[in-house]
Amino acid sequence: MNLLFEEDGAFKTGTILTDNDASLQVETPHGKRLKLKSKDVLMRFAQPSAGDLLDQAETEAEGFDTEFLWEACGDEEFAFTEFAREYFGHVPTPVESAAILLRLHASPIYFHRKGRGRFRKAPAEILQAALAGLEKKRLQAAAIERMRDELLAGHLPEELKPLVRQLLYKPDRNRLETKALEAACAESGQSPARLMLACGALATSHDLHFDRFLFEHFPDGTDFPPVDEPVEPGELPLATVRAFSIDDAATTEIDDAFSVTPTPAGWRIGIHIAAPGLGFGRTSGLDGIARQRLSTVYMPGNKITMLPEGIVGRFTLGEGRDCPALSLYLDVSRDLIISGKHSCIERVPVVANLRHHDIEPVFNETTLTNGGPDFPWKVELTLLWELATVLEAGRGKPAANQNLVDYNFGVDWSEITPDGPGRIEIGRRARGSPLDKLVAELMIAANSTWGKALADAGIPALYRAQTGGKVRMTTAAAPHEGLGVDCYAWSSSPLRRYVDLVNQWQLIAWLQGTEPAFPPKSPELIAAMRDFELTYAAYADFQRGMERYWCLRWLRQAGHPNMNARVLRESLVRLEDIPLIFKVPSMPTLPPGTRVRLGIDSTDLIDVEVRATYLETLAASSGEPIELDEEELPPALAVASEGPVETVPAPVATDPSPNPAA
């Protein structure tokens, strides 16, 4: 005698060896012996053999119409053998009974299982809902397959066009479009970014990286909403000075300017800061914009300003205008000792916007040592540099970054390259020049002086503090060991940093004797500080990432030439001509500082990676320390560290703005 039983959700057959009423010893067609309980047996049969029953039953079951079976059975619970007898109209054969069982079991939408070998037909309304769901899934699967095929053919399906950013940067895996993209990626072996570029969803690799940043930080776009015009600052005294600024050629947000006025005892040195805080205050529409953006975003060939262009144009310290400003005056004796300080709100006549590329050829370390040609502002610049040297010595913290190099990125968007619009030029500029020192020291003087003034007045402000090598922001006036000052409050760039704008509002209240915009223990001030820290760091990461991207574009533009590099540590190198750091696995172990020659094998603009081969050693270690700021490294190369000691906040290479200490 043979039997049909169920084990682990599957139907099986076997031959009875021993029948003990409550239990049985069974041998399967494959020779395996089992012990079964009698209640697990679904059917006993003599013919056909145990090995043939299920094969014959499956063939028989294929001819059944499931809908007809559903209509033929009653509404009450039933056993499969009972239904088989009713369906066939006679005592069913073992094959017929097993066929009915297999069909019922394989149709859970039509027949709900109620026990071993027992079923109940699904109610009509539940069946219709289930069939509708099944049809929906079928249509969805067909849509996924169609979209996948279109992607593989190099076409972007219409459904994906409005979802490109979401699919690339924050995919919802429950969406059909995401499933189609994942299926296409799995079949093609490409990443979503590469597949989308191949389909024309993105014009260039640059769009991939730029759009990712916009998706995360500017989801509503970079356009400014309509805002009320700022108020006129009112009648302000006109300063009797001739102010001038010092900036890069592309700077439009000119925050700071200087003046030198002779006095009987020496000179009166003016540090003048643009004053947008006089034109709008807290809770205004412009404050809302600045509070949301928190900083201007810089990148090669572009920037996203914190304030609308019209507002920047109104308050920037532009040449030929009388500009509202917060001024700090230093009374300096002829031996360059500061004898007094005075702050005020006024209009400042700006008579010149000096540019680095015009001034540095005639005002540099060589001309200061050996003399140089006469040029406008030579006397003023020389005096300010001499004062800066004294101020630096007084801090006891000479600039630690004076031997480093800044790289200026220029992008000509009118030129089309194989990688898309934009021809990149990368220029070098030594950091720590006399102009850098001049501006840096005067900015340190202003930020530390005003920070202390607010602390003494009991008016809260946002400070940069450094103790034990750790740089942090705080609302308390704490020392900045890296700069050697008692406190340091960013106040010199209110057109491009929200922290500086906040401190400017506090300074205006101090100078005018009014209630500060942010009272003591203001939760809004603390929230602004925390948001600024996170946002400013994210913007800086993005800028470094885009500079790395454009370095790769420079290599591709040059035809992947062989390059010289300096060893930083182990297999890590920095190219000499452009600020690009990467690993060279084929390079032997060499001392830091060793110059090597590399063959640039390939560059990847999607993953922003470069592959290079070690060719030769050009020179032994110079013996000079190689400074490596961990922030320069892409995430894959960065290592945990205490963080670099903050010295004078230097301008970022593509920051068309300010000055080294702005």
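In which sense of crossing, left-handed or right-handed, does α14 pass α15? In this predicted model, α14 passes α15 in a left-handed crossing. Helix α14 spans residues 378-395 and helix α15 spans residues 434-456; the two pack at an angle of about 60 degrees, and their axes lie 8 Å apart. The arrangement of α14 relative to α15 is therefore oblique.

The α14 side of this contact is formed by L381, L384, W385, L387, A388, T389, L391, E392 and R395. These residues meet P434, L435, K437, L438, E441, L442 and I444 of α15. Sorted by class, the contact between α14 and α15 comprises 11 nonpolar, 1 polar and 4 charged residues.

At the start of the numbering, strands β1, β2 and β3 are linked through antiparallel pairings. Strand β1 (residues 2-7) is joined to strand β2 (residues 10-19) by 6 bridges, and the two strands run antiparallel. Within this pairing, F5 stands opposite K12 of β2. The hairpin of β1 and β2 has 2 residues between the strands, and D8 adopts a positive phi near 55 degrees there.

Strand β2 is also joined to strand β3 (residues 23-27), in this case by 4 bridges and again in an antiparallel sense. Here I16 stands opposite V26 of β3. The hairpin formed by β2 and β3 has 3 residues between its strands, and D21 in the turn shows a positive phi of about 65 degrees. Strand β2 thus takes part in both hairpins, one with β1 and one with β3.

Further along the chain, 5 strands form an open sheet in the order β22-β21-β20-β23-β24, with antiparallel pairing. The edges are occupied by β22 (581-583) and β24 (609-619), each of which pairs on one side only. From one strand to the next, the twist averages 45 degrees. Strand β23 (residues 595-604) and β24 run antiparallel and are joined by 9 bridges. One of the residue pairs concerned is D604, whose bridge partner in β24 is E609.

Helix α17 (residues 523-557) lies across this sheet, covering β20 (563-569), β21 (572-575), β22, β23 and β24. The direction of α17 is at about 95 degrees to β23.

Conventions:
Residues numbered from 1 in each chain as written. Predicted model: local features only at pLDDT ≥ 70, side-chain atom pairs only at ≥ 80, totals over all residues. Heavy atoms only, no water. Pairing = 2+ DSSP bridges. Axes fitted to C-alpha atoms, helices over the stretch in contact; angles between N-to-C directions. Parallel < 35°, antiparallel > 145°, perpendicular 65-115°, else oblique. Left-handed = near helix turned anticlockwise from the far one by under 90°. Contact = heavy atoms within 4.5 Å. Nonpolar A, V, L, I, M, F, W, Y, C, P; charged D, E, K, R; others polar.
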